[in-house]
Amino acid sequence: MFADLQHFQRLVRQLQKVPFLASKNVYRVAVYFLINDKKEVEQFCKVLLDSKENIGFCKVCFNLTEKADLCSFCSSTKRDKSIVCVVETLHDLFAIENCGGYSGVYHVLGGALCPLDGVGPDSLNIEPLLKRLRLGEVKEVIFATNPTPEGEATASYIFSRMKDMQLAISRLASGVPIGSNLGFMDRVTISKALSGRRPY
Ligand SMILES: [Zn+2]
């Protein structure tokens, strides 16, 4: 298909590298750029490059940060540094933060364990978490990985590596349906799950 459209094929191949972009949407996105004004496309590219230049990851929790080593949570004096909520992705962090009821800090793993897709412990921010916990400031860890097989396996793995640590450990409980994704849940459900967390 589109054998005579080499530039279009190249555009599609590039878009196919973007994870989470469903294959049928790749063509829609490609056409979107093509029917847009050249100025709009240039602006899009500029914002993308500027973002890459100016946005980084917090050295402690791997949340986003701009022009600073620490993110707004890790550098805030109002957040309780003794409680760490472990999430898979930034999307999950935003979902919990949007509830407004959590005053601790976070740790973003960058995904969940999935050996079949080649995602092992070394692919995630697990070692930095364990190192952080060994420093002694953290007293409680809340596992807020998604209630999927991958999320559960990730929490279990980290839990097994924390056996020698004297920490209060809990897991999000009621309100989070099995197989669901925190990033797509409403505030009330997440608030309930957070307040109703159970010991691990
Ligand atoms: Zn941080």
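This is a short talk on the fold, the core and one helix residue of a predicted model.

Confidence comes first. The chain averages a pLDDT of 90, and 94% of the residues score at least 70. Taken by element, the highest mean pLDDT is 98, for strand 4, and the lowest is 68, for strand 7, at residues 198-199. Please keep that in mind when you look at strand 7.

Next, the layout. There are two domains: domain 1 covers 6-55, and domain 2 covers 64-199. Measure between their C-alpha centres and you get 31 Å. The rest of what I have to say is about the strands, the core and Leu-90.

Start with strand 3, residues 80-87. Strand 3 pairs with strand 4, residues 104-108, in the parallel sense, and five bridges connect the two. One of the partners to look for is Gly-104 in strand 4, which is bridged to Asp-80. Between these two strands the chain passes through helix 4, residues 90-99, and the resulting β-α-β crossover is right-handed.

Strand 3 also pairs with strand 5, residues 140-143; that pairing is parallel too, with four bridges. Here Cys-85 has Ile-142 of strand 5 as its bridge partner.

Now the core. In general, nonpolar side chains in soluble globular proteins tend to be buried together. In this model the largest nonpolar core has 36 residues. Those with the most contacts inside it are Cys-61, Cys-85, Val-86, Val-87, Ile-96, Tyr-106 and Ala-144. Several elements supply at least two residues each, among them helix 5 (126-134), helix 6 (149-160) and helix 7 (187-195). Which element gives the largest share of this core? Strand 3 does, with four residues.

Take Tyr-106 as an example. Leaving out residues up to four places away in sequence, Tyr-106 touches Cys-61, Asn-63, Phe-73, Val-84, Cys-85, Val-87 and Leu-93.

Last, Leu-90, which is found in helix 4. Why does Leu-90 count as partly exposed? The reason is its neighbour count: Leu-90 has 16 C-beta neighbours inside 10 Å, whereas a residue needs 20 or more to be called buried and 12 or fewer to be called exposed. With the same sequence exclusion as for Tyr-106, the residues touched by Leu-90 are Asn-63, Leu-64 and Val-108. As for Val-138, it sits 48 residues from Leu-90 along the chain, and their C-alpha atoms are separated by 21 Å.

Definitions and conventions
Residues are numbered from 1 along each chain as its sequence is written. This is a predicted model: local features need pLDDT of at least 70, side-chain atom pairs count only at pLDDT 80 or more; totals for chains, interfaces and linings use all residues. Domain bounds come from an automatic or database domain assignment. Two strands pair if DSSP finds at least two bridges between them. A crossover is right-handed if, with the strands pointing away from the viewer, the path from the first strand over the helix to the second runs clockwise. A nonpolar core is a set of buried Ala, Val, Leu, Ile, Met, Phe, Trp, Tyr and Cys residues joined through C-beta atoms within 7 Å. Two residues are in contact if their C-beta atoms, placed from the backbone, lie within 7 Å. pLDDT is the predictor's confidence in each residue, from 0 to 100.
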